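Biologist: I have a structure to look at and some questions. Can you walk me through it?

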Amino acid sequence: MKTILLSVDKSVDNLMDNPQVEKAASLLAENEVVAIPTETVYGLGGNAENDDAVQKIFSAKGRPSDNPLIIHIADKSQLNGFVEEIPEKASILMDKFWPGPLTIIFKKKPGVLSEKATAGLDTIAVRMPDHPVALAILKKCGLPIAAPSANSSGKPSPTTAKHVKDDLEGKIAGIIDGGPTGVGVESTVVDCTEQVPVILRPGGVTKEQLEKVIGEVVTDPALLNEAEKPKAPGMKYKHYAPDAPMYLVKGSQKFLQELVDEKRKKGLRVGVLTTEERQEDYQADIVLACGKRESLPTVASALYDTLRSFNDEHMDIIFSEVFPVEGVGQAIMNRLLKAAGNKIISE
Ligand code: TXA
Ligand code: MG
């Protein structure tokens, strides 16, 4: 299939009348799938009311069918069509964080959207993205749009249109290039069907931010303990992984350098993931700086591009520094642990 590539400048006025936005909206209305920029990562959008469109999303990504999709909307009024109830705390969160990187799980009204989109669950994940191009496309087509991250299943999520193209060109109808995404890690998924809301996936909105507006929030224990089954089906899969095996190193820079030296002596091509402050300190085949350690949002923003860049360099092994598990550091460490298949070396 030919994938059409369209660019939209997100800063222009009247995006609703932009021909590229109109094209994307009409492809979605024809039940084709289109990659669209959001503030977190690029999403692979399809009409959530239509089984064929949703099936095209799963096929293009090679995504397991038991992993439900997030439904994207441009207007809160769309919710009433497919959710059973809007709990008080969900309502407060929507007012505070939508549009933005927060996905809320509601009880689903059965029989409205494609069962495939929700993998047959009786709950449904919904978010309103904070990106002018995404919002214009959603408004123009007026449909609830199912959109997982627009990567091949298992790969790092895409933060540029080029990442999407590398994974999905020839498999989808279109890619809308709206520039690099910004936040860089996916939305926080919070289950509001429980009395005390539960974070199922840490992301762009932090636990601290949520607690400030609705009080106690807990984190799904499975995110911290490998033995438990996570409540977000997607969290059990290997994900975000670069091609080469990656290890997270808890210890000093000297300790990490010793690990590098040992592997290089054996003739391996070794990569290091660090930050700008320390890039010059390491000797390895490739040393990539992922943002600035003093500003975790810059690390989040650069994370997936850095992981993908190692693939261009054909590494044999990658050692990554770790980050504080606070604020957006929770999401960063969650993704790094998955990318590393939970392989940690401690000093
Ligand atoms: O930032 C984002 O959320 C991006 C952009 C494109 O919006 N989307 C995204 O979608 O990350 P995806 O499909 O890559 O991740 C969706 C996550 C998965 O872990 C999935 O299992 C979980 O949300 N999820 C979806 N519906 C759920 C439900 N009803 N109950 C529990 N978890 C659910
Ligand atoms: Mg994903």
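Modeller: A definition to begin with. On a 1 Å grid over the protein atoms alone, a pocket is an open set of points where a 1.4 Å probe fits, with protein on both sides within 12 Å along at least five of seven lines. A molecule sits in a pocket if more than half of its atoms lie within 2 Å of its grid points. By that rule, ligand 1 sits in the largest pocket.

Biologist: Any ground rules?

Modeller: This is a predicted model: local features need pLDDT of at least 70, side-chain atom pairs count only at pLDDT 80 or more, and totals for chains, interfaces and linings use all residues. Residues are numbered from 1 along each chain as its sequence is written, chains are lettered from A and ligands numbered from 1 in the order in which they are written, and side-chain values use heavy atoms, with hydrogens and water left out.

Biologist: Which elements give two or more residues to the shell around ligand 1?

Modeller: Strands E4 (70-72), E6 (123-127) and E10 (198-201) do. Strands (E, at least two residues) and helices (H or I, at least four) are DSSP runs, numbered from the N terminus. E6 gives the largest share, 4 residues.

Biologist: How many residues surround ligand 1?

Modeller: 28 residues, each with a heavy atom within 4 Å of the ligand. Among the closest are Thr40, Asn67 and Gly234.

Biologist: Which polar side chains reach its oxygen atoms?

Modeller: A polar contact here is a pair of N or O atoms within 3.5 Å. His72 has a polar side-chain atom 2.6 Å from a ligand oxygen. For Arg63 that distance is 2.8 Å, and for Ser149 it is 3.1 Å. The protein covers 97% of the 690 Å² of accessible area that ligand 1 has on its own. That area comes from the Shrake-Rupley method with a 1.4 Å probe.

Biologist: New topic. Is helix H9 mostly covered or open?

Modeller: Mostly covered. H9 spans residues 329-339, and 10 of its 11 residues are buried. Buried means under 20% relative accessible area, exposed means over 50%, and partly exposed is in between (1.4 Å probe, protein chains only).

Biologist: What do the buried residues of H9 pack against?

Modeller: Their partners include helix H6 (207-214), strand E12 (246-250) and strand E15 (317-321). Contact means heavy atoms within 4.5 Å. After H9 comes Gly341, with a positive phi near 55°.

Biologist: Now the lysines. Is Lys108 buried or exposed?

Modeller: Lys108 counts as buried because its relative accessibility is 11%. It is in the loop between strand E5 (102-107) and E6. Its side chain reaches the backbone oxygen of Leu121 at 2.8 Å.

Biologist: And where is Lys292?

Modeller: In the loop between strand E14 (286-289) and helix H8 (296-312). Lys292 is partly exposed, at 35%. Residues it touches include Thr275, Glu276 and Thr298.

Biologist: What about backbone oddities?

Modeller: Most residues other than glycine have a negative phi, and most peptide bonds are trans. Asn14 has a positive phi of about 55°. Tyr240 also has a positive phi, near 65°. A cis peptide bond joins Trp98 and Pro99, with omega about -10°.

Biologist: Why is Asn14 called exposed, and why is Tyr240 called buried?

Modeller: Asn14 counts as exposed because its relative accessibility is 59%. Tyr240 is buried because its relative accessible area is 1%. Asn14 is in the loop between strand E1 (4-7) and helix H1 (19-29). Tyr240 is in the loop between strand E11 (218-219) and E12.

Definitions and conventions. A polar contact is a pair of N or O atoms within 3.5 Å; within protein, one must be able to donate a hydrogen and the other to accept it, and residues adjacent in sequence count only if both atoms are side-chain atoms. On a 1 Å grid over the protein atoms alone, a cavity is a set of points where a 1.4 Å probe fits but cannot get out, and a pocket is an open set with protein on both sides within 12 Å along at least five of seven lines; lining residues have an atom within 4 Å of a point. Lists of a residue's contacts leave out its neighbours within four places in sequence.
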